[in-house]
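Biologist: I've got a structure open and I'm not sure how to read it. Can you walk me through it?

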Amino acid sequence: MDKVLIHGENLVKEYGTAIKTRALDGVDLQLNEGEFASIIGASGCGKSTLLNLLGALDRPTAGKLYFKDKEFSSMNEFELAQFRNRRIGFIFQFHHLLPEFTALENVLIPSWIESGVVNQKKQERAIELLETVGLKDKIRNPSNNLSGGQQQRVSIARALINDPDLVLADEPTGNLDSESTEQVYDLLRKINRDLGMAFLIVTHDRHIAEKSDRIIEMKDGKIISDYLTRSETPEAIWKNIAPINCKYRIQFGDGEQDEHRVCMPDTGYSGS
Ligand SMILES: Nc1ncnc2c1ncn2[C@@H]1O[C@H](COP(=O)(O)OP(=O)(O)O)[C@@H](O)[C@H]1O
Ligand SMILES: [Mg+2]
């Protein structure tokens, strides 16, 4: 059985005080170590909110969060900041690079934040990561001299510098043309295979999501389906999938039904 890396339990998030917006409405989600999963859903359905809770950038209104069985929803601000910086890598739609700084310096920023110094080893690692993302000859370039796709690659290398267990990416290609989008996804997949960290990627592009191993679909603050895209057999899907709060009953195997558990993929499998 795969090991659970991160687990959100009955997550609720409300914004506002007088007028409340319920952005997440009871979400359960488990992600295993090394998984490569996508979250899809219409704008406003709560994707970023969920990602921000999982990445400890924000706190849930209710519900609990665990990282390798350790609850982190109740950590204080200092512990949370440490946890975030050491365990989680973030990639955003807008890369937030410091424009005057070189690609290398940008990649090293999380390392400065963590330890206050940059040793030789970290610097070598940053160079290695910039090579991995295909920017070997751009290491000393100021980031504002790079193309959009190249800047996003720098931000990917930056997300990896502290060797996180989980990389959270919020519409990482939302700002790129379709060719760079494909390249960036292929790169994330390669990093997942080669370095083994888990990825959870928000996208509104189903075609792109199909490239991942698991698609989690959200609507109105809830997960409405959650399935593996590449399983050999429906039975494998059944065994591997994390239980989620689906509201409808499903058909499985020889007609067996299971309520409020998993949603089967729309792969055409009809249970016969
Ligand atoms: N900081 C905020 N304050 C108030 N409402 C917010 C805030 N962030 C998000 N929301 C609302 O919460 C809902 C979910 O937003 P979000 O998670 O950003 O959706 P998505 O990423 O799927 O587009 C939306 O209705 C949005 O307007
Ligand atoms: Mg969003």
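Modeller: Sure! Start with pLDDT, which is the predictor's confidence in each residue, from 0 to 100. You need that here since this is a predicted model. The chain averages a pLDDT of 86, and 84% of the residues score at least 70.

Biologist: Where does pLDDT stay under 50?

Modeller: Over residues 239-251 and again over residues 258-272. The model does have 50 contacts beyond four places in sequence for residues 239-251, and 43 for residues 258-272. Still, where pLDDT is low, the predicted coordinates should not be read in detail.

Biologist: Okay, on to a helix. How many residues does α4 have, and how far does it reach?

Modeller: To judge a helix's length, compare its span with what you'd expect at 1.5 Å a residue. Helix α4 covers residues 120-132, so to speak 13 residues. From first C-alpha to last, α4 reaches 18 Å, close to the expected 18 Å.

Biologist: Which residues of α4 are buried?

Modeller: Buried means under 20% relative accessible area, and exposed means over 50%. In α4, the buried ones are A126, L129 and L130. Look down the axis of α4: these residues fall within an arc of 100°, so they line one face of the helix. Q120 and K121 are exposed, on the face turned away from that buried side.

Biologist: What covers the buried residues of α4?

Modeller: The cover includes three other helices: α3 (103-115), α5 (148-160) and α6 (178-195). While you're there, look just after α4, where G134 takes a positive phi of about 85°.

Biologist: Now the strands. In what order do they sit in the open sheet?

Modeller: For a sheet, read the strands from one edge across to the other. Here six strands run in the order β6-β7-β8-β3-β9-β10, with mixed pairing. The edges are β6 (88-92) and β10 (222-228), each of which pairs on one side only. On average, neighbouring strands are turned by 15° against each other, ignoring direction.

Biologist: How many bridges join β3 to β8?

Modeller: Four, between β3 (residues 36-40) and β8 (residues 198-202), and these two strands run parallel. To see one pairing, find I39, whose bridge partner in β8 is V202.

Biologist: Which strands does helix α2 lie across?

Modeller: Helix α2 (residues 77-87) lies across β6 and β7 (166-170), at about 75° to β6. Helix α5 also lies across β6 and β7, but runs at about 165° to β6.

Conventions
Residues are numbered from 1 along each chain as its sequence is written. Chains are lettered from A and ligands numbered from 1 in the order in which they are written. This is a predicted model: local features need pLDDT of at least 70, side-chain atom pairs count only at pLDDT 80 or more; totals for chains, interfaces and linings use all residues. Side-chain values use heavy atoms; hydrogens and water are left out. The expected span of a helix is 1.5 Å times one less than its number of residues. Buried means under 20% relative accessible area, exposed over 50%, partly exposed in between (1.4 Å probe, protein chains only). The arc is that of the directions from the helix axis to the C-beta atoms. Contact means heavy atoms within 4.5 Å. Two strands pair if DSSP finds at least two bridges between them. Axes are lines fitted to C-alpha atoms, for helices over the stretch in contact, and angles run from 0 to 180 degrees between N-to-C directions.
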